[in-house]
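Me: I would like to go through the reasons behind the labels used for this model. Please set each value against its cut-off.

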Amino acid sequence: MPVLILKPGREKSLKRHHPWIFSGAIAKVEGQLKLGDSVALQSADGVFLGVAAYSPDSQIRARVWDWTPRDIDAAFFAERIRHAAALRQAAADEGVRLIHGESDGLPGVVADRYADSVVLQLLSAGAERWRGAIADALAALPGIARVIERSDADVRELEGLPSQSGLLRGEAAAGPLTVREHGLEFAVDAEQGHKTGFYLDQRDNRGLLRGLAKGKAVLDCFCYSGGFALNALAGGATSVTAIDSSGPALAAAQANAARNRLSGAEWLEADVFQSLRKFRDAGRKFDLIVLDPPKFAPTAAHAEKAARAYKDINLLAFKLLNTGGRLMTYSCSGGVSPDLFQKIIAGAALDAGVDARIEHWLHASADHPVVMNFPEGEYLKGLVLQVQA
Ligand code: SAH
């Protein structure tokens, strides 16, 4: 196996089992390496550190598969995928993240199961190199009828990989994929929808919202296919207004509402930044507002611009809340830490002139675990705040 030798002192993070090697840490590579090939990692003084996948075009030049000297082959992926799936608990008709990248010892591999279908994202050169073995292992899991690829995320460009999507294993489903969550049924658009088609990471938080919604006027900003809005309706909200700038997302949300016989929501195809201003100028008020925006800061380099956008929408939302009302606010930006997010929201409350208290610190659901030495894995954070008199 080719060997990647680190510069002196650059083995520290690997010894703590952080799985990434940045280009600047590398002294030299011995042997021929193609995209995604396996390489043994060595410290400057010749100590073996792990086996990694090589990404020639990426700043993250290698990602660790294993900390012991071992072959990386189809059997490795079969074992790891079986193990990751065995850790998850979900009923046959529910949705669950089966593989959460680094957190499951499979950097660059994300797989979501929707009932009997798996939607797979391959996001690194190493994952790409092992597409066939990964697809075979997923298809062999109990209860799986098909594996669909959705490797079209922007991060693939950083790895020098083209987009690739389509059916990988099994036969195409007869109708749209569906998934049950908290007793509601959602259609999942695996082909055109965001990410793998549905935001499984917000499952627990959507359940929490349902428990808060009874008798409340609810505003769901960035509603996508209606996850929070439908839970608000199911939880007994007196009114639900849901906003998204994407026409297809709103059409999916309305179809999901109809599928569950939940009526009465107001669906607005609009920009949230503008809508919140219009509501403010019109004096509209709500009891419960959800802000679940897209990733404003993919990396820490975008944090400052993102902070302004987060502050803007949160400040406006605070102004639209009745006394005693609640804001459920999120950031899924890897570049914004939970601590920074809390500070941004504190600043927004101060500038809005409201006294708000944190009731809940929120994270992604348990099927999106974070390994201790890889804090980058914690991308989704949220707060529930109650506005005081
Ligand atoms: N809350 C959703 C997920 C939200 S994803 C759920 O639980 O499933 C973010 C959504 O924000 C996407 O649907 C995207 O279309 C929408 N969006 C992005 N920018 C927007 C903007 N400026 N105004 C309104 N919607 C926007």
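**Ligand contacts and aromatic pairs**

Reply: In this predicted model, an N or O atom in the side chain of Asp271 is 2.7 Å from a nitrogen atom of the ligand.

Me: What makes the approach of Asp271 to the ligand a polar contact?

Reply: The cut-off for a pair of N or O atoms is 3.5 Å, and the Asp271 pair is at 2.7 Å, so the Asp271 pair counts as a polar contact. A polar side-chain atom of Asp244 lies 2.6 Å from a ligand oxygen atom, and a backbone N or O atom of Phe222 lies 3.3 Å from a ligand nitrogen atom. Of the 590 Å² that the ligand exposes when taken alone, the protein buries 90%.

Me: Why is the pair of Trp20 and Phe22 called edge-to-face?

Reply: The ring centres of Trp20 and Phe22 are 6.1 Å apart, and pairing requires centres within 6.5 Å. The planes are at 80°; over 60 degrees counts as edge-to-face, therefore the label applies.

Me: How do you know whether Trp20 and Phe22 are buried or exposed?

Reply: Trp20 has 16% relative accessibility, and under 20% means buried. Phe22 has 40%, which falls between 20% and 50%, so Phe22 is partly exposed.

Me: Why is the pair of Phe186 and Phe198 called tilted?

Reply: Their planes are at 45°, neither under 30 degrees nor over 60, so the pair is tilted. Phe186 lies in strand S13 and Phe198 in the loop between S13 and helix H6, so the pair ties together parts twelve residues apart in sequence. Both Phe186 and Phe198 are buried.

Notes
Residues are numbered from 1 along each chain as its sequence is written. This is a predicted model: local features need pLDDT of at least 70, side-chain atom pairs count only at pLDDT 80 or more; totals for chains, interfaces and linings use all residues. Side-chain values use heavy atoms; hydrogens and water are left out. A polar contact is a pair of N or O atoms within 3.5 Å; within protein, one must be able to donate a hydrogen and the other to accept it, and residues adjacent in sequence count only if both atoms are side-chain atoms. Accessible areas come from the Shrake-Rupley method with a 1.4 Å probe; for residues, only the protein chains shown count as cover. Rings of Phe, Tyr and Trp (its six-membered ring) pair if their centres lie within 6.5 Å; planes under 30 degrees apart count as stacked, over 60 as edge-to-face and the rest as tilted. Buried means under 20% relative accessible area, exposed over 50%, partly exposed in between (1.4 Å probe, protein chains only). Helices (H or I, at least four residues) and strands (E, at least two) are DSSP runs, numbered from the N terminus.
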